Amino acid sequence: REIEKYFQGPGHFAMEGLLERFRAQTEMLKKAIVLRDASLQKGTHVDALGELAGELARLENAVADIKAYVEGEEAQLTEAEAVLEALSVQRSRVDHVQANIPDKLPRFSGASQDNRPDPKIKWGLKKKKTSKTQLQIKRIAYVRVDEFDGTPKYIRGRVNRDQVNQVVDTIYNAMVAKHKILGQPRAKLSDVDLNRFTGYKEAQSKETEGLAFIVESDIKDLTSTKVDSTMRTSFAILRHLARIKEIRGGGLTRYVML
């Protein structure tokens with residue numbers, strides 16, 4: 001549209017003026033040729049031939065001006081096309097971002113923690129008066145659009161990015177609840193939590209020492225989320241993106257936070 005406006009603006013009239021000048025001088029040239037023929041037959045009108053030469057020179061200059069003008073317009077048209085193409089690409093990116101805005105965004109400010117659990121939960125290990133063993137529970141970073149799109153289709157299946165990020169929240173909530181129990185003295189635990197405590201300790205191994213991990217039964221027991229194919233696919237995506245890793249052994253698959 002901008003290009004059309006340009007050709008309908010002042011540049012359009014400049015071009016028309018050059019063409020009109022070209023047509024007028026062409027008519028002058030035709031008349032001069034007729035006069036030249038008559039002069040050659042009669043051997044007269046030498047002045048007419050000189051005028052003809054002048055008109056030819058002016059005509060050549062007019063053609064050069066038109067050529068330069070057309071070349072300038074072509075260069076501007078090429079630049080305009082490049083700008084339009086760049087704008088089209090940018091618009092596609094904006095549309096893609098707008099269509100993939102996540103429902104939840106991670107918060108990095110420490111000023112507002114709302115109702116988040118304390119990220120530092122004590123292990124349920126034997127305590128000594130001189131030292132305390134603590135484990136920092138990290139929240140896994142949400143999966144970004146580019147990370148999800150870059151994950152192979154055979155890993156993603158039909159799971160969408162919002163479902164994966166919901167699993168990220170589920171893992172964190174289960175992790176906090178689990179280590180809250182592990183951080184309590186055994187004497188203060190209820191019978192149910194004491195059984196959980198024992199199960200958590202039995203799931204530990206040399207490979208998991210000092211690492212925060214959960215198993216599928218932790219999610220079933222501590223959250224209301226169903227462990228199904230969507231969750232297992234989400235685990236595969238998070239493992240592919242190096243958010244978690246698996247440690248197998250003793251019939252258990254332990255998911256370690258990275």
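# Exercises on salt bridges, helix α9 and the β3-β5-β4 sheet

Glu246 and Arg239 form a salt bridge (a side-chain nitrogen of Lys or Arg within 4 Å of a carboxyl oxygen of Asp or Glu), and Glu246 is partly exposed, with a relative accessible area of 23%. Here buried means under 20% relative accessible area, exposed over 50%, and partly exposed in between, with a 1.4 Å probe and protein chains only.

The model is predicted, so local features need pLDDT of at least 70 and side-chain atom pairs count only at pLDDT 80 or more, while totals for chains, interfaces and linings use all residues. Residues are numbered from 1 along each chain as its sequence is written, and side-chain values use heavy atoms, with hydrogens and water left out.

## Exercise 1. Overall composition

Task: State how many helices and strands the protein has, and in what order they run.

Solution. Step one: helices (H or I, at least four residues) and strands (E, at least two) are taken as DSSP runs, numbered from the N terminus. Step two: the count gives nine helices and five strands. Step three: read from the N terminus, the order is α-α-α-β-β-α-α-α-α-β-α-α-β-β. Step four: of the 258 residues, 28% are buried. Step five: the accessible surface, from the Shrake-Rupley method with a 1.4 Å probe and, for residues, only the protein chains shown as cover, amounts to about 17700 Å², and carbon and sulfur atoms account for 54% of this area.

## Exercise 2. Salt bridges

Task: Find how many salt bridges the structure holds, and describe the pairs of Glu246, Asp169 and Glu216.

Solution. Step one: side chains of opposite charge can pair when their charged atoms come close. Step two: a search of the whole structure yields eleven salt bridges.

Step three: in the pair of Glu246 and Arg239, the closest N and O atoms are 2.5 Å apart. Arg239 is partly exposed, at 37% relative accessible area.

Step four: Asp169 pairs with Arg139, with closest N and O atoms 3.0 Å apart. This pair links distant parts of the chain, since Asp169 belongs to helix α6 (residues 161–182) and Arg139 to the loop between β2 (134–136) and α4 (145–150), 30 residues apart. Asp169 is buried at 10% relative accessible area, whereas Arg139 is partly exposed at 30%.

Step five: Glu216 pairs with Arg232, with closest N and O atoms 3.2 Å apart. Because Glu216 lies in helix α8 and Arg232 in helix α9 (residues 229–240), the pair ties together parts that are 16 residues apart in sequence. Arg232 counts as partly exposed at 40% relative accessibility.

Step six: a network of salt bridges links Arg144, Asp146, Glu147 and Arg243.

## Exercise 3. The surroundings of Asp218

Task: Decide whether Asp218 is buried or exposed, and identify what it contacts.

Solution. Step one: Asp218 is located in helix α8 (residues 216–222). Step two: its relative accessibility is 4%, so Asp218 counts as buried. Step three: contact means heavy atoms within 4.5 Å; apart from neighbours within four places in sequence, Asp218 is in contact with Ala174, Lys178, Tyr200 and Thr223. Step four: the side chains of Asp218 and Lys178 make a polar contact of 3.3 Å. Such a contact is a pair of N or O atoms within 3.5 Å; within protein, one must be able to donate a hydrogen and the other to accept it, and residues adjacent in sequence count only if both atoms are side-chain atoms.

## Exercise 4. Helix α9

Task: Compare the span of α9 with the expected value, then describe its ends and its cover.

Solution. Step one: the expected span is 1.5 Å times one less than the number of residues. Step two: α9 has twelve residues and reaches 16 Å from its first C-alpha to its last, close to the expected 16 Å. Step three: at the N-terminal end Asp228 acts as a cap, with a side-chain oxygen 3.2 Å from the backbone nitrogen of Thr230. Step four: Ala242, which follows α9, has a positive phi near 60°. Step five: the buried residues of α9 are Met231, Ser234, Phe235, Ala236, Ile237 and Leu238. Step six: their cover includes α4, α5 (153–156), α6, α8, β4 (244–249) and β5 (252–257).

## Exercise 5. The sheet

Task: Establish the strand order of the open sheet and which strands stand at its edges.

Solution. Step one: two strands pair if DSSP finds at least two bridges between them. Step two: three strands form the open sheet, in the order β3-β5-β4 with antiparallel pairing. Step three: β3 (213–214) and β4 stand at the edges with a single partner strand each, so one side of each has no neighbour in the sheet. Step four: β3 and β5 pair over two bridges in the antiparallel sense, and Phe213 stands opposite Val256 in β5.
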